[in-house]
Amino acid sequence: MKTRLMLLICIGLASILTLRAAEPDAVPRGEVLTAMKKAAEYFRTKVAVRGGYVYQVSPDLKQREGEGKATATQIWVQKPGTPAVGMACLTAHAATGDAWYLDAAKETAEALVFGQLESGGWTHSIDFDPASSKAGRYRNGKGRAKGRNQSSLDDGVTQNALRFLMHADRALSFKHAAIHEAAEFARASLLKAQFPHGGFPQGWDKPVAELPVLPAKFPDYDWRTENRIKEYWGLPTLNDNLSTDVTRTLIDAWEIYKDEGCRRAVAKLGDFLILAQMPEPQPGWAQQYDREMRPAWARKFEPPALAGSESQDAIQALLTIHRFTGDAKYLEPIPRALAWLKRSALSDGRLARFYELRTNKPLYMTHEYVLTYDDSDVPSHYGWKGKSRIVELEAALKAAREPAPSKAASPPGAKRIREIIASMDAEGRWLTARTGKPEPGAGEKVISSEVFIRNLEMLSAFAAAK
């Protein structure tokens, strides 16, 4: 009996060992760390310009692109540029404890400090050549005397730069004087840019206007032809995820510095989103507002309208603000907005970027920028339709009302990790098909910041879990 029992145990152990040997998650941590460092060293030493990055670079490193072609002295602030790469390095440092990544992040933060504008924030790119027409009016005095000085909240530019600087400041124990001071100045400048009613402009180069605190309303004039505002960027906007980007930045500022001004600003922004919700029958949000809180024109292809993407972003921001403040009033606008989004969905389930005021018809423009209900001739440079997040937002609202224990995110599986490592070339590069306009050439391979960030973060998550 004993002999048989021992035989069964041995067979069982052998089976377990065989299964373990075949497990796809048996990736040695050392192998992951080696791959991370190889990729990061190449990116830092070959792709960076003074610690900063663009979107993508040709394999010979001669052609560089941000939102457009970049010169040899330019870096990009807009995601997935410099701040996003810096955050990936901080993530790698936290996962590995390797000071090399913190030093890389410090270099990236110093590049952003160089390009901080006199107005306190950042614009989409930084140029280290003061003779370049793209150089801004930098605080360090090394830019262009008549250069751009408008701090931008468009596309998360100032928000992401500030978030990264704050996280780098904390990782450096608040001891790097230049990084710490730049983060302090940017934070104060962002707070000054908030309107009395809690909203934010698209950008600023001077004190913001003293706007009245009013609820949103429909225009009482012909919005197609009247009230085209020349300097719309100085008025309240929600364009391109501004609500969630600013909310996240202010919350990080509170958590890192315990800045009471930032804590109050989060609640003020939530109050603005409540004010900015349009009345029935279209209880969503507009992309752009005027002084009187009426939907307004922005660029020539951005008419006064209800906005599908910005409405979803406003809901996400309200959910985050509720979680931060604990105040249920920030949930109150959401059910009406979700109901409107549901009845506004297109036949393919997506949402239009714009819905006509009052009629709720999906609104588009032709290549000649003429308003139309027909989507067959829209300009290709703009997103006229977008993914619906209604199901996701409904689930988030339910979770906010009925909190449950949060579950830690699972690290990527070893199969994916092996794919990432195997796709790296001998130099430590992940070459991928280029995106965007055909320069340096459609179909060509490039070194992509977005791909580097994604892969480094996944490798970091796997290394941290191991």
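Helices (H or I, at least four residues) and strands (E, at least two) are DSSP runs, numbered from the N terminus. The structure described here is a predicted model, in which local features need pLDDT of at least 70 and side-chain atom pairs count only at pLDDT 80 or more, while totals for chains, interfaces and linings use all residues. Residues are numbered from 1 along each chain as its sequence is written, and side-chain values use heavy atoms, with hydrogens and water left out.

The account begins with enclosed space. Rolling a probe the size of a water molecule over the atoms shows where empty space is left. On a 1 Å grid over the protein atoms alone, a cavity is a set of points where a 1.4 Å probe fits but cannot get out; a pocket is an open set with protein on both sides within 12 Å along at least five of seven lines; and lining residues have an atom within 4 Å of a point. Grid points are joined across faces, edges and corners, and a volume is the space filled by probe spheres set on the points.

Three cavities of 30 Å³ or more are found in the whole structure, and the largest holds about 60 Å³. Its lining consists of A39, Y42, F43, G428, R429, W430, I447, S448 and F452. Helix α2 (29–47) and strand β15 (445–448) each supply at least two of these residues, and α2 gives the most, with three. The lining comprises six nonpolar, two polar and one charged residues, where Ala, Val, Leu, Ile, Met, Phe, Trp, Tyr, Cys and Pro count as nonpolar, Asp, Glu, Lys and Arg as charged, and the others, Gly among them, as polar.

The second largest pocket has a volume of about 300 Å³. Of the 14 residues that line this pocket, Q74, W76, H124, S125 and K134 are the closest to its centre. The lining of the second largest pocket divides into two nonpolar, six polar and six charged residues.

Helix α2 also takes part in helix packing. Two packed helices are described by the angle between their axes and the distance between the axes. Axes are lines fitted to C-alpha atoms, for helices over the stretch in contact, and angles run from 0 to 180 degrees between N-to-C directions. The axes of α2 and α4 (residues 99–114) come within 11 Å and cross at roughly 25 degrees. The two helices therefore count as roughly parallel, since angles under 35 degrees are given that term, those over 145 are roughly antiparallel, 65 to 115 roughly perpendicular and the rest oblique. In this contact (heavy atoms within 4.5 Å), L33, M36, K37, A40, E41 and R44 of α2 meet W100, Y101, D103, A104 and E107 of α4. These residues divide into six nonpolar, no polar and five charged.

A second pair is formed by α8 (residues 260–276) and α9 (residues 308–325), which pack at an angle of about 140 degrees with their axes 10 Å apart. Helices α8 and α9 are therefore oblique to each other. Here R263, V266, L269, G270 and L273 in α8 meet A314, A317, L318, I321 and F324 in α9; by class, this contact has eight nonpolar, one polar and one charged residues.

Some backbone details lie in loops. A cis peptide bond with omega of about 10 degrees joins K79 and P80, and P80 is in the loop between β4 (74–76) and α3 (82–96). The bond from E280 to P281 is also cis, with omega near 15 degrees; P281 is in the loop between α8 and β8 (306–307).
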